[in-house]
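Thank you all for coming; I would like to take a few minutes to walk through one model, beginning with its aromatic rings and then moving on to its cores, a pocket and some backbone details. Please have the sequence and the structure open while I talk.

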Amino acid sequence: MVKDKATVVIVGGGATGVGILRDLSMRGIDALLIEKLDMVNGASSRYHGLLHSGARYAVRDQEAARECIEENTILRRIGKSCVEATTGMFVQVEGDDPDFVEPWLKGCKESGISTRELSKEEALRLEPNLSRKLVVAYEVPDGAIDGFRMSWQNVQSAARYGGRYKTYTELIKINIENNTVQSITVRDNVTKEEYDIECEILVNAAGPWAGKVAEMAGLECSVSPSKGTLIAFNQRISNRVVNRLRKPSNGDIFVPHGSITILGTSSITVEDPEDTTTSWDEFEELMKTGEGVFEHLRDYRILRVFAGSRPLYVPKGADGGRNASRGFVTLDHEKEDGLKGMMTICGGKFTTYRLMAEKFCDVLAPKLGNTAKCRTAEEDLVPEVSVADKKAARQYFPAYGVNLSATRLGTEKFPEVVKTLKENPESREVICECENVTLAELMRIAKEPTSHSVADVRRRTRLGMGTCQGNYCALRSAATLNKLFKDKLEGCNDSLSDMKNFLQARWKGITPVMLGKTLREAEMTRGMYEVLFNVNGGRRG
C-alpha cells in the first residue's frame, strides 16, 4: 500500500542525514527523511562532541584536516548556540615522541590551522590540572559542539523550507523494478503499520548501518563500524579541549561540555553497529592513557561510560580502525552498480557533516534537473532568541535556566513555554535540577509528534543527563509524561516500563565503572527505586 511519496527519501537521522535534508530542502527539492528510532540516536549522539580544528589529522590526512578547519569556522557562525568556542591545546608529556612535533606543525601550517606555542608556565596557568610532566603545549582552534542540538536545528531549518521527517519509521524493503528503485517499504515502529513510500532517489545515509541498507538492494558497501568508548566525568577538568600531541591513539582527547568533561576514545572494529557495550578493560585503557595528561584523573567522579560506532569507509584491501581515513565517500549506484535511483554517503565525521551534505547534494541535485547552489553555509540554522525576550522571561525560570532553555527551544517554542510559565505557575516546577528543565518545557516537547517516551524527551531537553544521571528526575518525568502522553495511541505508553528503560540506559553506562563514589551512588539509586519505590515488584538484591 502506497501511503506517501517524495522526490528524495533519506534513510538515517544522524548528522549526515539531517544535513542532506536541510541542503535539499533549501535547494527546493522535495525531501523526506526517515529514522527507525528517535532522531540522533546513533553515532551522532555517541561521540566526544569535539569540534575539530583538523590538527589531529594534520600529519596523516591533509584533506581531512583542511575540511575540518574550514567547517569549524562555518559551524561556529551558523550554529552559534550549539558551539562552545573553548579553543584547544595539543600537549606533550615526558615519554612522548619529540620528533612528532615538527611534522605536526608543518601539517597544521599547510592545512591552514593556526597554532601558537605556549610556555610551560602559561599552559599550566591556563589549565592548572595538567600534568607537571608537561614538555610542550600549543594552542589550536578546537571547540565543543552539542550534537543533539545541532542535528535538531538542521531538522528545524529544513522544515522551514518544506523538508519532512518521520521518526520511528524503519526501512524494511527496497522495491526495485528494471534496475530502478521505485519505492521503499517501511514499518511504523510505534503502530507496527507497514506501507510504501514512492521516491525518485533513495539516499542511504545510515552511517555505520549503511552496509546493511545497501544489502537490501543487493549491493555491497565497504563500511566498517568502529566502536569508540568514552568516559564522562562530572567535573570540568579543563576549560579547553586537550589533545595529546602524538600519533592519534586511544584515550588522548579531553573535551569539556558545560559542567562535565568527556575523555575519548577507543577504536575497535565491530561487526554489529548496534554493539555499544563497554568493558572494564576499555575503561582502564582510557584512564591509564588519560592519566598521562591529567595525573589526578582518578580523583574525579565518573558519571558514565558509553560507546558509539563510527561509519568508516574502508575499501577492500585497505586498513581499518585508526588507519582508516576520516574522509567521506559518495557512491552513485547507477554508475557503480547499474542501479538507478539510489545513492550512498558514508565515512566522515560530525565536524564535516555540512560539507558532506553539500558535496553529496551537488551530485544528486543535477539528476533531478535542479541547478540551485548550496546555501547551507550562508544562513544560520535557527534564529537566536533575543536578549530582550530572555530578559523578560527571567522572572518565570529557575536560576540559570533561561539561557539553557532558550538554546534548546529556539524562537518558535521558547515564547510558548514562557507563556505557559506565566499563565500556569504550577508549570514552573523543576523536573530536572541538573539541567534546569521545567514542567512547562516537558509539556511543550511532549506535544511534538516525534515524542513517544522519556528517552525521546531526554534527547531534546537533556533531562537526566546531568550530575544525578536520572536518579531524581526519572520518577518525576515518567509520572509527568504518562499524563502528557495519554492522548497518544493507546497501548504505546507504559510509564513504569518507560521509567525502567530510562534508568536501564543510565545503569548501562555506570556498570563498567562501579567503584568508589560511583558504587555508592549506584547503591543509593538501587535503594530508592527497588526498595523505596518497589519498581521491580518485590524483587530484592
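Let me begin with Phe254, which counts as buried because its relative accessibility is 1%, under the 20% cut-off. I should say at once that this is a predicted model, and that what I report is computed from it. Phe294 is also buried, with a relative accessible area of 1%.

These two residues belong to the aromatic pairs, of which the count comes to eight. The ring centres of Phe254 and Phe294 lie 4.8 Å apart and their planes stand at 80°, so this pair is edge-to-face. Phe254 sits in strand S15, residues 253-257, whereas Phe294 is in the loop between helix H7 (280-290) and strand S18 (302-313), and the pair thus links distant parts of the chain, 40 residues apart.

A second pair, Phe397 with Phe414, has its ring centres 5.7 Å apart and its planes at 10°, so that one is stacked. Phe397 lies in the loop between helix H10 (387-393) and H11, while Phe414 is within helix H11, so the pair ties together parts that are 17 residues apart in sequence. Both partners are buried: Phe397 has a relative accessible area of 9%, and Phe414 is at 2%. Ring pairs also link Tyr47, Phe350 and Tyr353 into a cluster.

That second pair leads to the packing of the interior. Phe397 and Phe414 are among the residues with the most contacts inside the largest nonpolar core, which has 33 residues, and Leu442, Leu463, Leu481, Met499 and Tyr529 are listed with them. The elements that each supply at least two residues of this core are helix H11 (401-423), strand S21 (430-432), helix H12 (439-446), helix H13 (454-461), helix H14 (473-484), helix H15 (495-510) and helix H16 (516-532). Among these, H11 gives the most, with seven residues.

Leu463 shows what such packing involves: leaving aside residues up to four places away in sequence, Leu463 touches Ile431, Cys432, Val437, Leu442, Val454, Arg458, Cys473, Ser477 and Phe502. Apart from this core lies another, of 29 residues, which includes Ile20, Phe148, Phe328 and Leu355.

Which elements give two or more residues to the lining of the second largest pocket? They are H15 and H16, and H15 provides the largest share, six residues. The pocket holds about 350 Å³ of space, and of the 15 residues that line it, Leu503, Gln504, Trp507, Thr525 and Glu530 lie nearest its centre. By class, that lining is made up of five nonpolar, six polar and four charged residues.

I will finish with the backbone. A cis peptide bond joins Gly264 and Thr265, with omega about -10°, and Thr265 lies in the loop between strand S16 (260-264) and strand S17 (268-269). Thr87, which is not a glycine, has a positive phi near 65°; this residue is in the loop between strand S4 (83-84) and strand S5 (88-93), and with a relative accessible area of 26% it is partly exposed. Arg462 likewise has a positive phi, of about 70°, although it is not a glycine, and Arg462 lies in the loop between H13 and H14.

Terms used. Residues numbered from 1 in each chain as written. Predicted model: local features only at pLDDT ≥ 70, side-chain atom pairs only at ≥ 80, totals over all residues. Heavy atoms only, no water. Core = buried A, V, L, I, M, F, W, Y, C linked by side-chain atoms within 4.5 Å. Buried < 20%, exposed > 50% of the residue type's maximum accessible area, 1.4 Å probe, protein only. Helix = DSSP H or I, 4+ residues; strand = E, 2+ residues; numbered from the N terminus. Contact = heavy atoms within 4.5 Å. 1 Å grid on protein atoms, 1.4 Å probe; cavity = no way out; pocket = protein on both sides within 12 Å on 5 of 7 lines; lining within 4 Å. Points joined across faces, edges and corners; volume = space filled by probe spheres on them. Nonpolar A, V, L, I, M, F, W, Y, C, P; charged D, E, K, R; others polar. Phe/Tyr/Trp six-rings, centres within 6.5 Å; stacked < 30°, edge-to-face > 60°.
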